[in-house]
Amino acid sequence: MKDNIKSIQRNKKAFFNYEILEELECGIALVGTEVKSVREGRCSFSDSYVVAKDQQLTLIGFLIQPYSHGNIFNHTTDRPRRLLAHRQEIKKFQRKANEKGLTIVPIEIYFKDNLVKMKIALARGKNVRDKKEAIKERDAQRDARRILREINS
């Protein structure tokens, strides 16, 4: 059976600022109006990260805007949210993050069969030189695509 996956948003800045080493799919503990707001695409990865403590993963700084048709029962926008994963996966991520000085960052949020899922990753920060090389490579690829498009048309 094929999974029904609908991507909502990707954390493009994480791919630029970090070298992604290992990924993990988690669920998120959300309240009702948060799910409706995420379905509208009203969420932001700005400066969000994951903390692994006491065998729990907690998402910090992930912004979900209030639901447009909500009332007094609307959620708070910037609250810590619990990520749901298997205990062994959490231990493995926590161990690697502590030993090697890595960071756990969220990289994508999506719906999988009507459940909100988040893909998190163990990441190592890039230095300025690596970021400049990535920009040069991206510009070179863009120029090559532009030249091929002009030749083909």
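Buried means under 20% relative accessible area, exposed over 50%, and partly exposed in between. With that in hand, welcome to a tour of this predicted model, one close-up at a time.

**Close-up 1. A buried pair, E34 and R81, meets in a salt bridge.** Let us begin with two residues that fit the opening definition. R81 has a relative accessibility of 0%, so R81 counts as buried. E34 is also listed at 0% relative accessibility and counts as buried. The side chains of the two meet at 2.9 Å, taken from N to O. Which parts of the chain does this pair link? E34 belongs to helix α2 (residues 32-39) and R81 to strand β7 (residues 81-84), distant parts with the two residues 47 apart.

**Close-up 2. R10 and E108 form a salt bridge between two strands.** Here the N to O distance is 3.5 Å. R10 sits in strand β1 (residues 5-10) and E108 in strand β8 (residues 103-112), so their pairing ties together parts that lie 98 residues apart in sequence. Is each partner buried or partly exposed? R10 is partly exposed, at 44% relative accessibility, whereas E108 is buried, with a relative accessible area of 11%. As a general point, side chains of opposite charge can pair when their charged atoms come close.

**Close-up 3. E23 and K119 join strands β2 and β9 through a salt bridge.** The distance for this pair is 3.9 Å, again N to O. E23 is found in strand β2 (residues 18-28), and K119 in strand β9 (residues 115-125); 96 residues separate them, and the pair links distant parts of the chain. E23 is partly exposed, with a relative accessible area of 44%. K119 counts as partly exposed too, at 23% relative accessibility.

**Close-up 4. The largest pocket is lined by residues that include K12, F45 and V105.** How much space does this pocket hold? Its volume is about 190 Å³. Other residues in the lining include N11, K13, A14, N17 and Y18, along with S46, D47, S48 and Y49. Helix α1 (residues 12-17) gives the largest share of the lining, with four residues. Sorted by class, the lining has five nonpolar, four polar and three charged residues. If pockets are new to you, here is the idea: rolling a probe the size of a water molecule over the atoms shows where empty space is left.

**Close-up 5. I147, L148 and I151 make a nonpolar patch on the surface.** The patch covers about 320 Å². For a closer look at one member, find I147 in helix α4 (residues 128-152). I147 has a relative accessible area of 48%, which means that I147 is partly exposed.

**Close-up 6. L57 is a buried residue of strand β5.** Strand β5 spans residues 56-60. The relative accessibility of L57 is 0%, and L57 therefore counts as buried. Where does T103 lie with respect to L57? The C-alpha atoms of L57 and T103 are separated by 12 Å, and the two residues are 46 apart along the chain.

**Stepping back. The whole structure contains 11 salt bridges.** Among them are the pairs R10 with E108, E23 with K119 and E34 with R81.

Technical notes: Residues numbered from 1 in each chain as written. Predicted model: local features only at pLDDT ≥ 70, side-chain atom pairs only at ≥ 80, totals over all residues. Heavy atoms only, no water. Patch = residues over 30% accessible without salt bridge, like charges linked within 9 Å, V, L, I, M, F, W, Y side chains within 5 Å. Areas by Shrake-Rupley, 256 points an atom, 1.4 Å probe, with all protein chains shown as cover. Salt bridge = Lys/Arg side-chain N within 4 Å of Asp/Glu carboxyl O. Buried < 20%, exposed > 50% of the residue type's maximum accessible area, 1.4 Å probe, protein only. 1 Å grid on protein atoms, 1.4 Å probe; cavity = no way out; pocket = protein on both sides within 12 Å on 5 of 7 lines; lining within 4 Å. Points joined across faces, edges and corners; volume = space filled by probe spheres on them. Nonpolar A, V, L, I, M, F, W, Y, C, P; charged D, E, K, R; others polar.
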